[in-house]
Amino acid sequence: MIAKNAEAAIIAKGLAKTYDKEIEALKGLDLEMRKGEVFTLLGPNGAGKTTFLRILCTQLMPSKGDATILGDSVVNNPTAVRENIAMVPQDAMAYSNFTPWDYAYSFCLLRGMDKPTAKKKAEEAIKAMLMWEMKDRPAQSMSGGEKRRMLIAATIASDAPVMMLDEPTSGLDAIGRRNVWSNLRERAAQGKTIILTTHMMDEAEMVSDRLGIINKGELVTIGTTAEIKSKVPFKYRVIAPESAIDQSSYSEVTKIGDRLVVYLKDYQEAVQLVSEMLKKGVQAEASPVTLEDAFVRLAGGDIDEIGQEAQK
Ligand SMILES: Nc1ncnc2c1ncn2[C@@H]1O[C@H](COP(=O)(O)OP(=O)(O)O)[C@@H](O)[C@H]1O
Ligand SMILES: [Mg+2]
């Protein structure tokens, strides 16, 4: 039994999933998501993000543990859970002859809205996804990004108190991504709880109130971007050619090809290193540590895997 918590929208306790008796996709996750926040699950491919969301949206039973959504258990009361959630799955296929209007409007009717309310919500959501001009275009004539935005519009139109989006911005261009982010933030400001997944650090940093980093089915850390960054003992990074730096002078250095990323405690140290480089006639760049730096360190240095993620 999971105790109710007024501020919590979702409470997962010991959530585990093993596929085919051997693939441990989730190894017992404890996680709490609050009402009215944008919470991002961040992790590389195969981390267990989709598995976690599929359990929350009652498509998949956990092997162990349980989660509640607004007090209802996904294991014992999935029907009640479904009343409160709307979901954009990772690999959702759009019906080829459905239009954005068909999707958003019928989704609202299915959720029990009367026709005038359904019309209003569908119109709002389609406009919010910048699709009003193409509201009557069938999915078969749309690009991948347009189909994705159509499915997001339907979920937003649903007006569900908890919305879950599995990699919602994959395949979207920069403008589409920013528009999705700002819409999710607006909905959270209206009191909706938004759960999304991504493997993109910049997205997690931009859109989340809090985030949970997961790797190999385990929670690595949880908090705001600033809290997570503060868990690493460095504030700045300087990127410079390997040949120009005496590595033995620095405690934390990452090699990326012929370049080094040197991690430094404070701004003074960063400025000092950059000016040394300039004196040598070498280009060097200082910036605050990123979420990616924190992730690499906290996740135990799966740099190859994360490097590949960053290139996608
Ligand atoms: N239906 C399935 N059957 C067997 N293994 C699966 C299935 N779905 C996912 N997995 C495995 O579980 C792990 C986590 O997958 P997933 O939750 O999709 O990760 P993510 O969404 O973070 O990329 C991966 O190792 C994946 O190969
Ligand atoms: Mg996934």
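## Where the two domains meet

Two residues count as being in contact here if their C-beta atoms, placed from the backbone, lie within 7 Å. With that in hand, let's look at this predicted model. The domain assignment splits the protein chain into domain 1 (8-229) and domain 2 (236-311). Taken over C-alpha atoms, the centres of domain 1 and domain 2 sit 35 Å apart.

So how do they touch? On one side there are 13 residues of domain 1, in contact with 11 residues of domain 2. On the domain 1 side, at least two residues each come from α7 (201-207), β9 (210-215), β10 (218-223) and α8 (225-229). Sorted by class, that side of domain 1 has six nonpolar, five polar and two charged residues.

## A four-stranded sheet

Next up is an open sheet of four strands, ordered β12-β13-β11-β14 and paired antiparallel. At its edges you'll find β12 (253-256) and β14 (285-288), each pairing on one side only. Ignoring direction, neighbouring strands of the sheet are turned by 20° against each other on average.

Now zoom in on one of the pairings: β11 (residues 236-241) runs antiparallel to β13 (residues 259-264), and six bridges join the two strands. If you want a spot to click on, try Arg-237, which stands opposite Tyr-263 in β13.

## The helix on the sheet

Which strands does helix α9 touch? Helix α9 (residues 267-279) packs on the sheet and touches β11, β13 and β14. As for its direction, α9 makes about 15° with that of β11.

Note on methods: Residues numbered from 1 in each chain as written. Chains lettered and ligands numbered in written order. Predicted model: local features only at pLDDT ≥ 70, side-chain atom pairs only at ≥ 80, totals over all residues. Pairing = 2+ DSSP bridges. Axes fitted to C-alpha atoms, helices over the stretch in contact; angles between N-to-C directions. Domains from an automatic or database assignment. Nonpolar A, V, L, I, M, F, W, Y, C, P; charged D, E, K, R; others polar.
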